[in-house]
Amino acid sequence: MALVRHDRVKEATFVEGSVNDIDLLGSGTGFKRFQDVAQDGDTFDYAITHTGTAEWETGRGTYDSANNKIVRTTIIASSEEDSTQSDAPTNFSAGTKQVFITVNSASLELYDATAEDLAALALALGG
């Protein structure tokens, strides 16, 4: 399965609570659907926001094509974070949310690596 990076992929969802699956309900004009760019089992960085509230989440998701859902694979950051719960899934209230492909900051750590870091990585990988 591939790691998908794609621009302008956004859909609506009515997901509530902190359930693992995010049902996808379609995109607006000018946006692509997840099913247009991802195959079953593909992963991607996502963000989900509840418009008009402070609820949000970023993470790594896996596309489930049979059910047209995103499975929350890894939570990177969320509005649920506090001193006792780091990177907890957001417990979303009722209403429409927007979920979209993005590049999360945790995915960019490799770009901040020094030449020495990259050389050590290449050596560790047998290069």
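## Aromatic pair

The count of aromatic pairs comes to one. The rings of Phe34 and Phe44 have centres 5.1 Å apart and planes at 45°. Planes under 30 degrees apart would count as stacked and over 60 as edge-to-face, so this pair is tilted.

Phe34 belongs to helix α1 and Phe44 to strand β3 (residues 43-50), so the pair ties together parts that are 10 residues apart in sequence. Are these two residues buried or exposed? Phe34 has a relative accessible area of 0% and is buried. Phe44 is buried too, with a relative accessible area of 0%. The cut-off for buried is under 20%.

## Model and confidence

The model is predicted. The protein has an average pLDDT of 86, and 84% of the residues score at least 70. Among the elements, helix α1 (residues 34-37) has the highest mean pLDDT, 97. The lowest mean, 68, is that of helix α2 (residues 115-124).

## Nonpolar core

Phe34 and Phe44 also appear in the largest nonpolar core, which has 17 residues. Together with Val99, they are the residues with the most contacts inside this core.

Which elements each supply at least two residues of this core? They are α1, β3, β5 (69-78) and β6. The largest share comes from β3, with three residues.

## The sheet

Strands of a sheet pair through backbone hydrogen bonds, in a parallel or an antiparallel sense. Here six strands form an open sheet, and their pairing is antiparallel. The order across the sheet is β1-β6-β3-β4-β5-β2. At the edges are β1 (10-13) and β2 (21-23), each of which pairs on one side only. On average, neighbouring strands of this sheet are turned by 40° against each other, direction ignored.

The edge strand β1 pairs with strand β6 (residues 97-101) in the antiparallel sense, over four bridges. Lys10 has Phe100 of β6 as its bridge partner.

## Charges over a ring

Lys10 takes part in a further contact, through its side chain. Its charged end sits over the ring of Phe31, 4.3 Å from the ring centre. Which other residue lies over the face of Phe31? Arg8 does, at 4.1 Å from the ring centre. The ring of Phe31 therefore has both Lys10 and Arg8 over it, each within the 6 Å cut-off for a charge over a ring.

Note on methods
Residues are numbered from 1 along each chain as its sequence is written. This is a predicted model: local features need pLDDT of at least 70, side-chain atom pairs count only at pLDDT 80 or more; totals for chains, interfaces and linings use all residues. Side-chain values use heavy atoms; hydrogens and water are left out. pLDDT is the predictor's confidence in each residue, from 0 to 100. Two strands pair if DSSP finds at least two bridges between them. Axes are lines fitted to C-alpha atoms, for helices over the stretch in contact, and angles run from 0 to 180 degrees between N-to-C directions. Rings of Phe, Tyr and Trp (its six-membered ring) pair if their centres lie within 6.5 Å; planes under 30 degrees apart count as stacked, over 60 as edge-to-face and the rest as tilted. Buried means under 20% relative accessible area, exposed over 50%, partly exposed in between (1.4 Å probe, protein chains only). A charge sits over a ring if NZ of Lys or CZ of Arg is within 6 Å of the ring centre and within 35 degrees of the ring normal. A nonpolar core is a set of buried Ala, Val, Leu, Ile, Met, Phe, Trp, Tyr and Cys residues joined through side-chain atoms within 4.5 Å.
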